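Student: I'd love a close look at the aromatic rings in this protein. Could you walk me through them?

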Amino acid sequence: MTSGLRTLPIRVAPLPGEALDSWLETLAHRSMVSFREILIALGLPGRRDGNLPDLTRYLEPEQAEQAAVVSGVPADRLHAMTLRQYDGHALVLHPHRRTVNRMQLWGRNGSRYCPQCLHEHDGRWQLRWRLPWSFACTRHRILLPHACPSCNQRTRHGRVSIFRDLPPHQCPTTLKPSGVLCQTDLTLAPAAALREDSPVLASQRWINDLLDRVEQGQAQSLPALRMIFNDLRALASWVLRIAEPDDFPTLDPHVEQACQDYAGDGQFSPSSAAVTAGGLTRAVHILQQGSDKANIATLRTLLERDGERLDLMPLGDINRRWRGHSTALQQLIWQAMDTRMANVDRLRFRSCTTRPRPPHKMNETLTAARAGRVPQLLWRGWTARFLPAAGVRNIGNFRAALAVALLLPGASKRHFDPLISMLGHQAQLDVHYTLAELAQQGHDGVLTGLCEIADYLDTQPVPIDYERRRGLTGEGLLPADDWVSICTQTGVHSGQETRLLSVRRYLYQRITGNDLRQAPGLLRITTAEAAGGVAVVPFRITAALLGTLDEYGENYLRGLGIDEPLAWEPPADLAAGLCLPGGPVDVRRAHRLICDEGRAPAVAAKEMGVALESIRHCFEQHPPSSPWPSKSGGSWVDPSRPVARRSRLAAAQARQQAHTVLTDEFLRSEYLDARKTVREIASGTRLPKRLISEVLNQSGLIASREPSRKLIVDEQWLREQYTRQARTLASIATELDTSPTTLTRHLRAVGIELRPRGGQRAVSRTELESVPPLIRPALTDRRCWGRLQRFRAAMEHRTLAEASRHLGTTRSVLYTQFAALERDLGVQLYVRPRRGESLRPTQAGQAVMDALTDSEGARPGGNTIEDGIPPASRQNP
């Protein structure tokens, strides 16, 4: 109850930041009464032994209410003059006793002071001087003394006597054994001066800003303030415990000397402001510098001094040691620990990044979710960035291992088998070896890049469900008809089945990201030749072909009910600022070396100083209009090599061209009005006659065309020209101004027998009767006279090779023709010579040669070698 209390006749307003005991002493001194009488007037009870707890630590609510009524100072202002406002943020008070917990936040008893501030404010003490975080006066640029210069006892320490009656600026310590009071004027106490640019003052200002936030009530909305003070305590005690000479070169000399002379373990707050200033200044610097390389190096130096202790501690114990501190400090510690950790643990703790954090058991769900966002093989673009210029032994294993390594950041365990199974790999992968190789070559940026990608996958949406893509079997992907159609559209040679299978495998891997070594069915690669066929596809395709294949792949996915993009990769911006082994590729130079100069991709990569996989990715991202014209492998697009006339590609291209050229208007103009024949239209359009006839039939123009004029020609003249003079149909048709087809129909109409196709002309019965019976079986047609002539001429030479050069043909043609003669006559005509022997006819062969000489007068005119028989190389056997 406060209704019976009397107010004080003299009131003293508290100074900003003044401590409660200082205000009480000032109030007693101004009222000219003892300290005990002021306490009684304010309703603050003392003890029978004349001592009372330090009220500056905290007031009970009812005590504050009574004192507010008596003194006229609001209760909240009285509470602000106690350490209660810092409780839980800058220090920890015992909940039931008026004591400061010295084991937490460097709690301490007593108070430091600034002599000049005491002098300026008539001995009134600041509340902050009681905190361990106050070690310097930023106004007067001095270190705060912590004890009386005469009795060397800590000021404001221990219980407060209610019987004292001294001015606040004098030391109230009772000297032993005399029992008299010290009464030293503390305003005259010596204090170490600090230079204006001293880091100690800068650190004190930084800490004062934190204390301002606490006093302004921002601590409730900023719970990290306690973490910051806890970090300062941990770092300062650590620095002081393992301090060595020259650890404080930038501080003031007396501060450096005090830190070197300090023999404590840093667990409790040092009494000396100089020692506190040294530890906290370095702690503030560490927190302020963050992930700066020099700052991390400083922490690594501290860790090296604790090396023996750390070597005996597993990572879990180290994690528990720092788990109660701020995230920022934990990240700094793990960054400094990075060089002492295995590569697998560096990924698990992300210590190779600027945002490391220890793994947690709850991360297993996150790892499983991330597995659905990672393909079996690492994306080709990131493979190119992570791949050293010298390349690796097996690019497939490299990509698979790094894809598994993407699941390591945050993984609670070090085992690889569960991670390998998550990506569907059927074989074991040496992930540890791959990471070790990269680290030994100085490519730590790869580990950082893997962590950056993992963080992106965990926090950003990924447009592709790779878990579902891994289940695709590729059934119905790119059949032959679709491939021919795509080649027709893009002007690419369709090639053989091997080329189609390589493109199908390439497209399947582009869609799924799977390892083709364990793909289903025919898509699986089992030989090095098959792997090489897929690896060369990016160098063979053009921009048009790649775009068409991607469009086809997207349609294929939509047909399976998958509305996702064909391919995707994490953005390249994640590599910003990282030192990665794979640098950018000069696109123009790569195109020039490979496409224009015809260099092999491996040779071009070596000349450019990049990995082959980087060149391959470059061609995927920037496909040329004209691909690699390798003569050994055969270019898919080569203007100098025409398309085979009877190939599927030629037929498909012809149909596409016919759809564009053979319009109804064109056919009416050429076929009906100009009355051109199908052959003439085919010659003008370079389209197959059969295709033109098919289009004419479908359009019904053949039936609508008027019949051509009737051919009128003398039958005897025609029989003489065709049968006896053996003129061709084309030459006769040209002379009669008609077509060979019309002439053929007329010959059949008048009963003239057509000669066999291919230029064969049968020997008449009269001619057979005039030749010797020995050679009659060989005269199956008129061309056989030429074969017999060549046989006789060849027997005049030593070898068939010599004879073929003389006759303007090849040895294989002569051998085939002579074998046909032997087959028709049923005898062996010449002896096959051995090495060093010459050609010679057999007895039967000599008889055939003699009979041929005797029958020269019966040969059909003009059918000899000398009279213009076509060269043997163009004759059918």
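Student: To begin with, which arginine lies over the face of tryptophan 125, and at what distance from the ring centre?

Tutor: Happy to, and please keep in mind that this is a predicted model. The residue you are after is arginine 156, which sits over the face of tryptophan 125 at 4.4 Å from the ring centre. A second arginine is placed in this way too: arginine 832 lies over the face of tyrosine 830, at 4.2 Å from the ring centre.

Now to rings that meet other rings. Searching the whole structure gives 13 aromatic pairs. One of them joins phenylalanine 539 and phenylalanine 619; their ring centres are 5.1 Å apart and their planes stand at 65°, so the pair counts as edge-to-face, the cut-off for that label being over 60 degrees. Phenylalanine 539 belongs to helix α25 (residues 537–540) and phenylalanine 619 to helix α29 (residues 612–621), so this pair ties together parts that are 80 residues apart in sequence. Both phenylalanine 539 and phenylalanine 619 are buried.

Phenylalanine 791 and phenylalanine 818 make another edge-to-face pair, with 5.6 Å from centre to centre and 85° between the planes. Here the helices are α39 (residues 783–794), which holds phenylalanine 791, and α41 (residues 811–825), which holds phenylalanine 818, so the pair ties together parts 27 residues apart in sequence. Phenylalanine 791 and phenylalanine 818 are both buried. Elsewhere, ring pairs go on to form a cluster: Trp379, Tyr456, Tyr466 and Trp568 are linked in this way.

Let me return to tyrosine 830, the ring under arginine 832, since it leads to a residue without an aromatic ring. Tyr830 is among the residues touched by leucine 839, along with Val831 and Pro833. Leucine 839 is found in the loop between β5 (830–831) and β6 (840–841). Its relative accessible area is 7%, so leucine 839 is buried, the limit for that word being under 20%. The contacts of leucine 839 also include Ala794, Met795, His797, Arg798, Thr799 and Leu800. Leucine 800 is 39 residues away from leucine 839 along the chain, yet their C-alpha atoms are separated by 7.6 Å.

For another loop residue, look at serine 291, placed between α9 (273–289) and α10 (293–305). With a relative accessible area of 34%, serine 291 is partly exposed. Beyond its neighbours within four places in sequence, serine 291 contacts Ile296, Leu332, Gln335 and Thr354. Of these, leucine 332 is 41 residues from serine 291 in sequence and 6.6 Å from it in space, C-alpha to C-alpha.

How values were computed: Residues numbered from 1 in each chain as written. Predicted model: local features only at pLDDT ≥ 70, side-chain atom pairs only at ≥ 80, totals over all residues. Heavy atoms only, no water. Phe/Tyr/Trp six-rings, centres within 6.5 Å; stacked < 30°, edge-to-face > 60°. Helix = DSSP H or I, 4+ residues; strand = E, 2+ residues; numbered from the N terminus. Buried < 20%, exposed > 50% of the residue type's maximum accessible area, 1.4 Å probe, protein only. Lys NZ or Arg CZ within 6 Å of the ring centre and 35° of its normal. Contact = heavy atoms within 4.5 Å.
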